[in-house]
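Visitor: Could you take me in for a close look at one helix-to-helix contact? After that, I'd like to hear about whatever else is worth a stop.

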Amino acid sequence: MTGTMFVAFLARAIKFATVFIFGSTGETITEKSGHLNMGIPGIMYLGALGGILGERVYLDSIGPETALNPFLVLFMPMLFAMLFAAVGGLLFSFFTVTLKCNHNVTGLTITTFGVGLSCYFIGLIPTTRMSEAGLMIQSLFVPSGFEWGGNWFGQIFFSQSLFTYTAIIVAIVAAIIISRTRVGLNLRACGENPAAADAAGINVDKYRYIATILGAAIAGLGGMALEIDLYKGMFNPKDAVDAFGWLALSLVIFSMWKPTICIFASLLFGALQVLPNFLSLSSVQMQMFSIVPYAATILVLILTSVFNKKNAQPPAGLGITYFREDR
């Protein structure tokens, strides 16, 4: 791999890392409350559908000849993506908190629902001017056609869309809130020991509802970034957004439930995602590469279990339905 190819590889890896940062950060917030939301793949697909639909609504409102507004090109898909994904989080919370349903069954149901619904409707949305909108989003931070003149650092770290920098900021803010604020302390208490949190006057149901809905909205931005930024609006129902959702779930384990580690782990997963495209590999070798992130997650699970590192363990109440009358 030449130097030029290596720079292009790193820049592309960061783009894919954006999807993982959104997805894993959103799920980390959810799991800190004690909810194991395996519906994240479907929720990210709902975010992709919402982002595409939001962009389509804006483009249809201005007509084919009107110049695009940079703010609305960015804001509309983000708004719709968060709303659509938040609905998925609301459904999960309703079933698991209000109806006391099993977390795993509910999550898998939402994944099936989200993937099926999104795949159907994405195939019906026209792509007129979508690529133009995607290219404008890319050029909001760096003008399109900008020549870096050999500045490899700028080409790697400052050639991304605003979605990338937003994802990093969201992950850092989430880490600060979880570890440094009273809200974060209450959230972690709900995930570790909901009965004790309830006895201390913390509304466990409220925290779990808010954390799950907010986490889903953030994860939905990952699906939107994949379709609007990486694919530049040239989407199709077979883009397998849900595959990125499953990897985002494994990233939460890989990063040991810490949003800041999610950023660096996402960069690693993003690099593994694009590396086969920069190497001369056979189809079998490319398939082998696709399982590396999952194998790495399994290795982390084994190591943390063997060494029994307390800070690397999931919340004690993760995936366990809380019945207030049992405390």
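Guide: Sure, let's start where helix α7 (residues 162-180) meets helix α8 (residues 182-192): their axes are 5 Å apart and cross at an angle of about 75 degrees. Keep in mind that this is a predicted model. Angles from 65 to 115 degrees count as roughly perpendicular, so that is the label for α7 and α8. On the α7 side, the contact is made by Ile 177, Ile 178 and Ser 179, while α8 brings in Gly 184, Leu 185, Leu 187 and Arg 188. Sort those residues of the α7 and α8 contact by class and you get four nonpolar, two polar and one charged.

Now hop over to α3 and helix α5 (residues 130-139), which pack with their axes 10 Å apart, at an angle of about 105 degrees. That makes this pair, α3 and α5, roughly perpendicular too. Pro 70, Val 73 and Leu 74 do the touching from α3, and Ala 133, Met 136 and Ile 137 do it from α5. The class count for α3 with α5 reads six nonpolar, no polar and no charged.

While you're looking around, check out the rings, since the structure holds ten aromatic pairs. One of them is Phe 6 with Phe 9: the ring centres are 6.1 Å apart and the planes sit at 40 degrees, so this pair is tilted. Both residues belong to helix α1 (residues 3-32), three residues apart, which is about one turn of the helix. Their surroundings are not alike: Phe 6 is partly exposed at 42% relative accessibility, whereas Phe 9, at 7%, counts as buried.

Another pair takes you back to α3. Phe 71 and Phe 75 are stacked, 5.3 Å centre to centre with 10 degrees between the planes. These two phenylalanines, Phe 71 and Phe 75, are four residues apart in helix α3 (residues 70-98), again about one turn. Phe 71 counts as exposed, with a relative accessibility of 55%, and Phe 75 is partly exposed at 35%.

Two more stops and we're done. Phe 16, Phe 20, Phe 244, Phe 254 and Phe 269 come together as one aromatic cluster. Finally, look for Lys 100, which lies over the face of Phe 323, 5.8 Å from the ring centre.

Definitions and conventions: Residues are numbered from 1 along each chain as its sequence is written. This is a predicted model: local features need pLDDT of at least 70, side-chain atom pairs count only at pLDDT 80 or more; totals for chains, interfaces and linings use all residues. Side-chain values use heavy atoms; hydrogens and water are left out. Rings of Phe, Tyr and Trp (its six-membered ring) pair if their centres lie within 6.5 Å; planes under 30 degrees apart count as stacked, over 60 as edge-to-face and the rest as tilted. Buried means under 20% relative accessible area, exposed over 50%, partly exposed in between (1.4 Å probe, protein chains only). A charge sits over a ring if NZ of Lys or CZ of Arg is within 6 Å of the ring centre and within 35 degrees of the ring normal. Axes are lines fitted to C-alpha atoms, for helices over the stretch in contact, and angles run from 0 to 180 degrees between N-to-C directions. Angles under 35 degrees count as roughly parallel, over 145 as roughly antiparallel, 65 to 115 as roughly perpendicular and the rest as oblique. Contact means heavy atoms within 4.5 Å. Ala, Val, Leu, Ile, Met, Phe, Trp, Tyr, Cys and Pro count as nonpolar, Asp, Glu, Lys and Arg as charged, and the others, Gly among them, as polar.
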